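Here is a walk through one protein chain. Keep the sequence and the structure side by side as you read.

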Amino acid sequence: MLAMFQDSVLSLEDFNITRIDVASDIEGLNVDCLLSTLNIKKIRSDSFSFFKGTIYGGSKVKMRIYDKVKEIKARKRKGGEIIEYEEGLLESGKDHTRFEVEIRNPGISLQDLKDDPLQFASYFDRLEFIRIGDGDGSGIMQFKYKHINRKLRRQLEEFKDVDLVEKIKAQHKETLLNWFEGREPF
């Protein structure tokens with residue numbers, strides 16, 4: 001990025017971030033499965049919605065949870081480009097749920113981000129998954145559980161004893177560190 005400006009006086013410290021999206025993709029998990037167990041902490045109930053298969057929560061810090069493969073296919077149908085990583089998700093034939101946090105005006109520079117690229121992973125701690133027992137639909141959004149088909153219930157059962165928030169954060173950290181590793185991203 002600095003090469004675009006051809007000015008040696010500019011540094012990463014001179015560029016302030018106005019929005020950052022922190023994301024993590026979890027394989028083998030369908031968005032519909034989450035609705036019976038999901039709670040997003042630190043949001044008002046009127047800022048929570050479910051529209052066209054995407055879960056939205058929050059305003060200044062906005063959570064989005066959606067089917068990444070479905071989003072890629074829709075973009076591809078409209079003639080949009082997809083990157084190699086997204087092509088791999090399509091070829092896998094598996095569900096991939098994207099957990100995304102949009103943070104507006106985080107108050108940092110590009111240098112701050114480069115120095116600590118993992119500083120926003122803690123926003124995933126706002127996600128809370130109520131563990132359900134034996135399909136009794138005891139989650140925070142149990143009204144949706146009864147509408148989940150058996151295949152999706154099996155997927156949910158696979159994650160029942162897994163700390164999903166920690167899995168989301170670990171996946172985010174791994175992909176972010178791989179992106180920063182060995183090259184200048186700016």
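Buried residues account for 39% of the chain's 186 residues. The model is a predicted one. Its accessible surface is about 11,100 Å². Carbon and sulfur atoms contribute 48% of that surface.

Next, the secondary structure. The chain holds 8 helices and 7 strands. Contacts often span long stretches of sequence: of those between residues at least 6 apart, 72% link residues at least 24 apart.

Now turn to the sheet. It is open and has 5 strands, with antiparallel pairing. Reading across, the order is β1-β6-β5-β4-β3. Two strands form the edges, β1 at residues 19–27 and β3 at residues 48–51. Each of these edge strands pairs on one side only. On average, neighbouring strands in the sheet are turned by 15° against each other, direction ignored.

Look at the β1 edge in detail. Strand β1 runs antiparallel to β6, which covers residues 96–104. The two are joined by 9 bridges. One place to find the pairing is V22, whose bridge partner in β6 is V101.

Helices come next. Helix α8, residues 164–180, packs on the sheet and touches β1 and β6. The direction of α8 makes about 115° with that of β1. Helix α3, residues 68–77, lies across β1, β5 and β6. Strand β5 spans residues 61–67, and α3 runs at about 80° to β5.

Which strands does α8 touch that α3 also lies across? They are β1 and β6.

Technical notes: Residues are numbered from 1 along each chain as its sequence is written. This is a predicted model: local features need pLDDT of at least 70, side-chain atom pairs count only at pLDDT 80 or more; totals for chains, interfaces and linings use all residues. Side-chain values use heavy atoms; hydrogens and water are left out. Two strands pair if DSSP finds at least two bridges between them. Helices (H or I, at least four residues) and strands (E, at least two) are DSSP runs, numbered from the N terminus. Axes are lines fitted to C-alpha atoms, for helices over the stretch in contact, and angles run from 0 to 180 degrees between N-to-C directions. Contact means heavy atoms within 4.5 Å. Buried means under 20% relative accessible area, exposed over 50%, partly exposed in between (1.4 Å probe, protein chains only). Accessible areas come from the Shrake-Rupley method with a 1.4 Å probe; for residues, only the protein chains shown count as cover.
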